[in-house]
Amino acid sequence: DLSVKLGSFTLDKISFGVDSGECLAVVGPNGSGKTTLLESIAGIHQIDLGRIEIHGVDVTRLAPENRRVGYVPQDCLLFPHLRVDQNIGFGLGKTDLETRKQISEIMNWLGISHLVGRGCGGLSAGEKQKVALARALVRQPDVLLLDEPFSTVDANSRVRLVEDLRNILSQARSIHDYASVYVSHDLADAQFMAGKVAIMNDGKLEQVGLW
């Protein structure tokens with residue numbers, strides 16, 4: 001069971017599994033610990049008790065860059081001083097021909113090739129999310145974490161973007177069979193994205209099951 005203490009807040013005895021090719025939706029009110037859970041899996045927070053396994057390998061003490069985890073944070077966290085393509089390739093650590101090919105392929109696949117050479121200023125919310133998603137997917141992760149990717153998008157755009165994202169992730173999983181965890185406060189979004197749900201409240205996992 002996973003436990004993480006951050007100041008006065010504690011994730012307490014969290015335990016669940018996600019199979020390859022499966023998407024788990026994590027839902028709960030603001031402050032329930034959803035983002036802290038994703039950040040702990042990604043390696044941003046140190047675990048106090050328990051362990052995190054990916055494909056049966058204990059990664060609890062590994063640095064974030066060694067976990068094969070792709071993380072799309074709520075606010076995208078794009079680097080404003082880097083171009084779009086530089087943001088996408090940031091985690092690859094190289095600038096050789098093969099790296100540029102990988103970046104070009106993922107941008108083309110996500111329909112954002114026209115953003116090559118562009119700065120991040122002036123991008124729409126949907127474009128920012130696709131750039132952040134490309135940055136996560138280009139490393140071919142074993143686990144993909146998405147933290148309320150459309151919380152700041154207006155309702156009309158949200159419906160279209162959620163549908164686009166589900167289609168993109170479905171296609172991506174057919175190519176690279178990763179597990180994904182999708183955090184949302186919106187039950188309709190969560191149900192649309194995932195076949196399995198975990199309900200969190202006050203740092204505790206209250207229930208995990210199929211819809």
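Leucine 77 sits in the loop between strand 6 and helix 2. Strands (E, at least two residues) and helices (H or I, at least four) are DSSP runs, numbered from the N terminus. Leucine 77 is not a glycine, yet its phi is positive, about 55 degrees. Cysteine 76 is placed in the loop between strand 6 and helix 2 as well. Its phi is near 70 degrees, again a positive value in a residue other than glycine. Cysteine 76 has a relative accessible area of 4% and is therefore buried. Buried means under 20% relative accessible area, exposed over 50%, and partly exposed in between, with a 1.4 Å probe and protein chains only.

The model is predicted: local features need pLDDT of at least 70, side-chain atom pairs count only at pLDDT 80 or more, and totals for chains, interfaces and linings use all residues. Residues are numbered from 1 along each chain as its sequence is written, and side-chain values use heavy atoms, with hydrogens and water left out.

**Positive phi values**

| Residue | Place | Phi |
|---|---|---|
| Glycine 7 | turn of the hairpin of strand 1 and strand 2 | about 60 degrees |
| Glycine 43 | just after helix 1 | about 95 degrees |
| Cysteine 76 | loop between strand 6 and helix 2 | near 70 degrees |
| Leucine 77 | loop between strand 6 and helix 2 | about 55 degrees |

**The N-terminal hairpin and helix 1**

Strand 1 (residues 2-6) and strand 2 (residues 9-14) pair in the antiparallel sense over four bridges. Pairing requires at least two DSSP bridges between two strands. The hairpin leaves two residues between the strands. Lysine 5 stands opposite threonine 10 of strand 2.

Helix 1 covers residues 34-42. Eight of its nine residues are buried, so the helix is largely enclosed by the rest of the structure. Among the buried residues are Lys34, Glu39 and Ile41.

**Helix 4 and its cover**

Does the span of helix 4 fall short of, or agree with, the expected value for its 13 residues? At 1.5 Å a residue it should span 18 Å, and its end C-alpha atoms are 18 Å apart, which agrees. The expected span is 1.5 Å times one less than the number of residues. Buried residues of helix 4 include Gly126, Gln129, Leu133 and Leu137. Their cover includes strand 6 (69-72), helix 2 (84-89), helix 3 (97-109), strand 7 (143-147) and helix 5.

**The cavity**

The structure holds one cavity of 30 Å³ or more. On a 1 Å grid over the protein atoms alone, a cavity is a set of points where a 1.4 Å probe fits but cannot get out; lining residues have an atom within 4 Å of a point. The largest cavity contains about 90 Å³ of space. Helix 4 (125-137) and helix 5 (155-175) each supply at least two residues of its lining. Val72, Gln129, Phe150 and Asp164 are among the lining residues. By class, the lining has eight nonpolar, two polar and two charged residues.

**Two loop residues**

Leucine 92 lies in the loop between helix 2 and helix 3. At 22% relative accessibility, leucine 92 counts as partly exposed. Beyond its neighbours within four places in sequence, leucine 92 is in contact (heavy atoms within 4.5 Å) with Thr99, Gln102, Ile103, Val138 and Arg139.

Aspartate 142 is found in the loop between helix 4 and strand 7. Its relative accessibility is 14%, so aspartate 142 counts as buried. Outside its neighbours within four places in sequence, aspartate 142 contacts Ile54, His55, Arg68, His176, Tyr178 and Ala179.

Conventions
1 Å grid on protein atoms, 1.4 Å probe; cavity = no way out; pocket = protein on both sides within 12 Å on 5 of 7 lines; lining within 4 Å. Points joined across faces, edges and corners; volume = space filled by probe spheres on them. Nonpolar A, V, L, I, M, F, W, Y, C, P; charged D, E, K, R; others polar.
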